[in-house]
Amino acid sequence: MKKFLCAILMGIMCLGFAACAPSSVEKAEEKMEKAGYTVLAYSNDDAEGCVGSFLAQKGLIGGSTLYACLFDSKDAATDFYSTATQISSSAVLDGKWVYWGDEDAIEVFTALF
């Protein structure tokens, strides 16, 4: 029984250390600002069900950039994901988030802390 409980506890801890996108647009913007990115909110009229979206950029020319859209449901995010892959081959569908940009910016966006 102890081994079983330890295995469950370890599984929960592993999930806690996994990388994931922030839970809200405000938290995501704050996270990117803390990492030194300039964050600009914008409305995405092409994205049905979009709760909020923003552009995060570090540096002016040739800097690191991330576009992110949060949707009200996973289905809405999945529908928009096909459009996002046409915009950028780096587009990622992560739960209710669809985001794309440079690897560095994506790494900051999905970092746990």
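**Notes on helix 3 and the cores**

1. Let's start with helix 3, residues 74-87: its 14 residues reach 20 Å from the first C-alpha to the last, close to the expected 20 Å (1.5 Å times one less than the number of residues). Helices here are DSSP runs of H or I, at least four residues, and strands are runs of E, at least two, numbered from the N terminus.

2. Keep in mind that this is a predicted model, where local features need pLDDT of at least 70 and side-chain atom pairs count only at pLDDT 80 or more, while totals for chains, interfaces and linings use all residues. Residues are numbered from 1 along each chain, and side-chain values use heavy atoms, without hydrogens and water.

3. Helix 3 also bends by about 30° at Y81 (the angle between axes fitted to the seven residues ending there and the seven starting there).

4. Which residues of helix 3 are buried? They are A76, A77, F80 and A84, with buried meaning under 20% relative accessible area, using a 1.4 Å probe and protein chains only. Strand 3, strand 4 (92-94) and strand 5 are among what covers them.

5. Now the largest nonpolar core (buried Ala, Val, Leu, Ile, Met, Phe, Trp, Tyr and Cys joined through side-chain atoms within 4.5 Å): it has 16 residues, and W97 and F109 are among those with the most contacts inside it. Apart from it lies another core, of 10 residues, including A77 and C69.

6. How sure is the predictor? The average pLDDT (confidence in each residue, from 0 to 100) is 83, and 81% of the residues score at least 70. Among the elements, helix 1 (residues 2-17) has the lowest mean, 48, and strand 5 the highest, 95.

Note on methods. Buried means under 20% relative accessible area, exposed over 50%, partly exposed in between (1.4 Å probe, protein chains only). Contact means heavy atoms within 4.5 Å. pLDDT is the predictor's confidence in each residue, from 0 to 100.
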